[in-house]
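Here are a few short exercises to work through with the model open on your screen. Try each task yourself before reading the solution.

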Amino acid sequence: MSKNILILSSSPRRGGNSDTLCDEFMRGAIESGNQVEKIFLRDKNIHPCTGCSVCSRYKKPCPQKDDAAEVIEKMLAADVIVMGTPVYFYAMSAQMKMMIDRCCGPYTEMKNKEFYFIATAAEEDETIMDRIVANFMGFLDCLENPTVKGTLFCGGVWHAGEIKGSPKLQEAYEMGRLV
C-alpha cells in the first residue's frame with residue numbers, strides 16, 4: 001500500500017551528508033511506489049516560535065507570516081515523516097528544532113504517524129544517535145500514537161561529500177524501500 005511520505009531535511013548544505021542520506025531514503029521509497037516529498041528546510045522562511053500562545057491557547061493560526069504553516073500542513077497530511085539532521089554539538093540542527101517548536105499548537109492533530117530519524121556527525125561514536133533520538137522523542141512524546149519505524153546514524157562525516165562510498169547510503173535506500 002502506497003504511503004504519503006514527507007522528508008524534512010534540516011541540513012544547512014544542499015547535498016550535505018545528512019541531506020544525501022535523505023535523498024537515498026527518498027529514492028528507495030519512490031521505487032517502492034510511495035508518494036514522497038522532501039522539504040529542504042533551509043529553503044523555507046521559518047521564524048522561531050515567539051511563545052505568544054495564539055495557536056495553543058486560542059487554537060488560531062500562528063500570526064507569523066512565514067512558511068511554517070505550509071510545512072506543518074504537509075506534516076499533518078503525511079503518513080510517514082522522516083526527520084534528517086546533521087549533529088551539531090551533540091544535538092539536532094537549529095533548522096529542525098525551530099520547525100519542531102513551531103508545531104506547538106497543531107501537534108495535537110498529529111496522530112498515528114510513522115517516523116524515521118536520520119543523522120550524521122563528525123564523530124563516529126554510535127551513542128551520539130541516542131542523544132538525537134532522545135531529542136526527537138521530546139517531540140513525539142507529545143503526539144498521539146507515534147511510531148518510530150527506524151533510525152540511521154552515520155558518523156565520521158563532517159565536510160560535505162565525506163559520506164560518498166559509505167555503506168550507510170545503501171542502508172538509507174533500503175530503509176526507504178521497505179517503508
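**Exercise 1. Decide whether Ser9 is buried or exposed, and find what surrounds Ser9.**

Solution. Bear in mind that this is a predicted model.
- Step 1: Locate the residue: Ser9 belongs to strand 1.
- Step 2: Look up its relative accessible area, which is 0%. Buried means under 20%, so Ser9 is buried.
- Step 3: List its contacts, leaving out residues up to four places away in sequence: Ser9 touches Asp19, Cys22, Lys38, Ile39, Phe40, Leu41 and Gly84.

**Exercise 2. Now do the same for Gln35: is Gln35 buried or exposed?**

Solution.
- Step 1: Gln35 sits in strand 2, which spans residues 35-40.
- Step 2: Its relative accessibility is 54%. The cut-off for exposed is over 50%, so Gln35 counts as exposed.
- Step 3: Setting aside residues up to four places away in sequence, Gln35 touches Ser2, Lys3, Asn4 and Ile5.
- Step 4: For a distance check, pick Lys113: 78 residues separate Gln35 and Lys113 in sequence, and their C-alpha atoms are 15 Å apart in space.

**Exercise 3. Find which residues of helix 3 are buried and why they lie on the same side of the helix.**

Solution.
- Step 1: Within helix 3 (residues 94-101), the buried residues are Met96, Met99 and Ile100.
- Step 2: These residues cover an arc of only 100 degrees around the axis, so they fall on the same side of helix 3.
- Step 3: Recall the geometry: an α-helix has 3.6 residues a turn, so residues three or four places apart point the same way.
- Step 4: See what this side meets: the buried residues of helix 3 pack against strand 1 (4-9), helix 2 (68-77), strand 3 (80-86) and helix 4 (128-140).

**Exercise 4. Describe how helix 1 and helix 5 pack together.**

Solution.
- Step 1: Choose the descriptors: two packed helices are described by the angle between their axes and the distance between the axes.
- Step 2: The axes of helix 1 (residues 17-31) and helix 5 (residues 167-177) come within 6 Å and cross at roughly 40 degrees. The crossing is right-handed.
- Step 3: From helix 1, the residues in contact are Thr20, Leu21, Glu24, Phe25, Arg27, Gly28, Ala29 and Glu31; from helix 5 they are Lys168, Leu169, Ala172, Tyr173, Met175, Gly176 and Arg177.
- Step 4: Sort these contact residues by type, and you get seven nonpolar, three polar and five charged.

Definitions and conventions. Residues numbered from 1 in each chain as written. Predicted model: local features only at pLDDT ≥ 70, side-chain atom pairs only at ≥ 80, totals over all residues. Heavy atoms only, no water. Buried < 20%, exposed > 50% of the residue type's maximum accessible area, 1.4 Å probe, protein only. Helix = DSSP H or I, 4+ residues; strand = E, 2+ residues; numbered from the N terminus. Arc of directions from axis to C-beta. Contact = heavy atoms within 4.5 Å. Axes fitted to C-alpha atoms, helices over the stretch in contact; angles between N-to-C directions. Left-handed = near helix turned anticlockwise from the far one by under 90°. Nonpolar A, V, L, I, M, F, W, Y, C, P; charged D, E, K, R; others polar.
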